[in-house]
Amino acid sequence: MTLHLYDTASREVSEFKSLKPSQVSIYVCGATVQGPPHIGHVRSGVNFDILRRWLIKSGYDVTFIRNVTDIDDKILHTAKHDEMPWWAVAMKYERVFTAAYAELNIMPPTYEPRATGHITQMIELMQKLIDNGAAYAPGNGDVYLEVRKLKRYLTLSRQNIDDLQAAADADETNKKDVRDFALWKAAKPGDPSWPTPWGPGRPGWHLECSAMAHAYLGEKFDIHGGGLDLVFPHHENEIAQSEAAGYGFAQRWLHNAWVTQSGEKMSKSLGNSLQVNEILKSVRGIELRWYLGSAHYRSMLEYSPAALEESATNFRRIESFLKRATEIIGEKPTLQLGKEFRDAMNDDLAVPTALASISENLRLGNQAVTDNDKAAIAKNANEIRGALDVLGCDPFDPAFVQSGSSDLTPALDGAIKLALAERASARERKDFAASDAIRDGLADLGITIEDTAQGPRWSIN
RNA sequence: GGUCGGGUGGCCGAGAGGCGAGGCAAGGGACUGCAAAUCCCUCUACACGGGUUCAAAUCCCGUCCCGACCUCCA
């Protein structure tokens, strides 16, 4: 089976064919850096990171662009409130986002352009749109796209333009039509601005993505991604601008669904308990990633602490098997993939189905450990590690290796082995009170002992 | 008002005309001195009412409920 992906525009899953052989270009709308990320933001990051890793694994050379929107109303509002320069606010939260992405092992984009670094490209695009009659500058410093002149509009969301509700704050005096949207916004006193032929101002939201996608990926590219809420207006308007400029733009649209809480979309009003930093106090980054990646990217993921904990438990079982297999085989598993896993991933990234294949590998692998069948242990461990690698959850990935512990491990191992030797001799003379005291003592220190066919092994909780 | 998703076992979550996804929890069993870990077994669900069909969780009609978007949200 070849890779098939959903396309929001056609509402169908279809075979993926890249524009250029063995190369894929992807543009994903990144964050507006106005505050720290919650787990919904990073779910989008994880979903598209899995897509990227799967494309790479499938042999593609992937160019992955994710922008940073570093100028917008909310950033300006926060700047005013916190008495900081707007650019300091943007940089502060951009760094928090970058750190969160890193904690979750989300690969850095090939290029990560900032909106304010591409004003030149935006002005060029606006000039083009004005020259060909698609956009107009009413003279007050604003620039609008004239949506009634478009050959086609609202093809992603399949809405009728006359059914749209006009914005509550629509400034009808400058727009030819209330549905026209701003490419550029005239400067307001005290706000940052950049000079243009139509007056000083700042970018409208939609313009930046069209300009940056064009700058880094050219007139047409393979995949455009983002959150479901961006379909309208953001992506519709990107399409409108880009097609009006004569660009082919995105060949396929992918949108990830929400993390919800109590059935509702996560938002700032629900508080900050779901910020990535808060969640990472209770689980590791690799476990949060496993949880966020485990649901299908187009399905809502209903968050609850219990669901997160359950998912983490499941991951630890898998991780524990891999470590044990490594001890028995004497080397780390290699990266292999089973057919069922491949087929699931090729079917529009059916991660939940792919996870079922990992569970089967785990069961067979554990059986093999009982039977001491090293070939079967290796096969299943290899396939599990290969699958985890695609999902960005390989426990052997240096991104997840915790610093500080490695230096002490040999010394600790030696000390625990001494205690285990005492326990073994106590057990031999049937002095179970003594042997259990050793085990309980270690348990109090957070060290769990398991008796296996290959002898006792220890792990830190 | 318009557009679009959903409702699946105790819980989480796939599937989309026939063949019990998977996980977590729970109960039973095997192994163990006892545990832990592991394996085996059990728990046969698809909002409601009609319809189509040899066959419906899946398709159609209707109803109820939940949610998203409708001009700067991942």
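# Salt bridges, a buried helix and a four-strand sheet

Colleague: How many salt bridges does a search of the whole structure find?

Modeller: That search finds 30 salt bridges, where a salt bridge is a side-chain nitrogen of Lys or Arg within 4 Å of a carboxyl oxygen of Asp or Glu. Please keep in mind that this is a predicted model, in which local features need pLDDT of at least 70, side-chain atom pairs count only at pLDDT 80 or more, and totals for chains, interfaces and linings use all residues, while side-chain values use heavy atoms, with hydrogens and water left out. Residues are numbered from 1 along each chain as its sequence is written, and chains are lettered from A and ligands numbered from 1 in the order in which they are written.

Colleague: Ok, let's pick one. Which residue does Glu287 meet in a salt bridge?

Modeller: The side chain of Glu287 meets that of Arg284, with 2.8 Å from N to O. Glu287 is buried, at a relative accessible area of 2%, whereas Arg284 counts as partly exposed at 29%. Here buried means under 20% relative accessible area, exposed means over 50%, and partly exposed lies in between (1.4 Å probe, protein chains only).

Colleague: And which residues are linked with those two in a network of salt bridges?

Modeller: Arg284 and Glu287 are linked with Glu309, Arg316 and Glu319 in a network of salt bridges.

Colleague: Glu287 is in H8, right at the start of the part I was looking at. How many residues of H8 are buried?

Modeller: In H8, 10 of the 10 residues are buried, so the helix is largely enclosed by the rest of the structure. Going along H8, the buried residues are Gly285, Ile286, Glu287, Leu288, Arg289, Trp290, Tyr291, Leu292, Gly293 and Ser294. The helices (H or I, at least four residues) and strands (E, at least two) are DSSP runs, numbered from the N terminus.

Colleague: Back to salt bridges, then. Which residue does Asp348 meet, and where do the two sit in the chain?

Modeller: Asp348 meets Arg298, side chain to side chain, with 2.6 Å from N to O. This pair links distant parts of the chain, 50 residues apart, since Asp348 lies in the loop between helix H10 (339–346) and helix H11 (351–371), while Arg298 lies in the loop between H8 and strand S13 (301–302).

Colleague: Are Asp348 and Arg298 buried or partly exposed?

Modeller: Asp348 is buried, with a relative accessible area of 2%, but Arg298 counts as partly exposed at 35%.

Colleague: What about Arg423, which residue does its side chain meet?

Modeller: The side chain of Arg423 meets that of Asp451 in a salt bridge, with 2.9 Å from N to O. This pair also links distant parts of the chain, with Arg423 in helix H13 and Asp451 in strand S14, 28 residues apart. Arg423 is buried at a relative accessible area of 3%, and Asp451 counts as partly exposed at 42%.

Colleague: Changing topic to strands: in what order do the four strands of the open sheet come?

Modeller: The order is S5-S6-S7-S8, and the pairing in this open sheet is antiparallel. Its edge strands, each of which pairs on one side only, are strand S5 (135–136) and strand S8 (201–203). Two strands are said to pair if DSSP finds at least two bridges between them.

Colleague: So over how many bridges do S7 and S8 pair?

Modeller: Strand S7, which covers residues 181–186, pairs with S8 over three bridges in the antiparallel sense. To find one of the contacts on screen, look at Ala186, whose bridge partner in S8 is Gly201.
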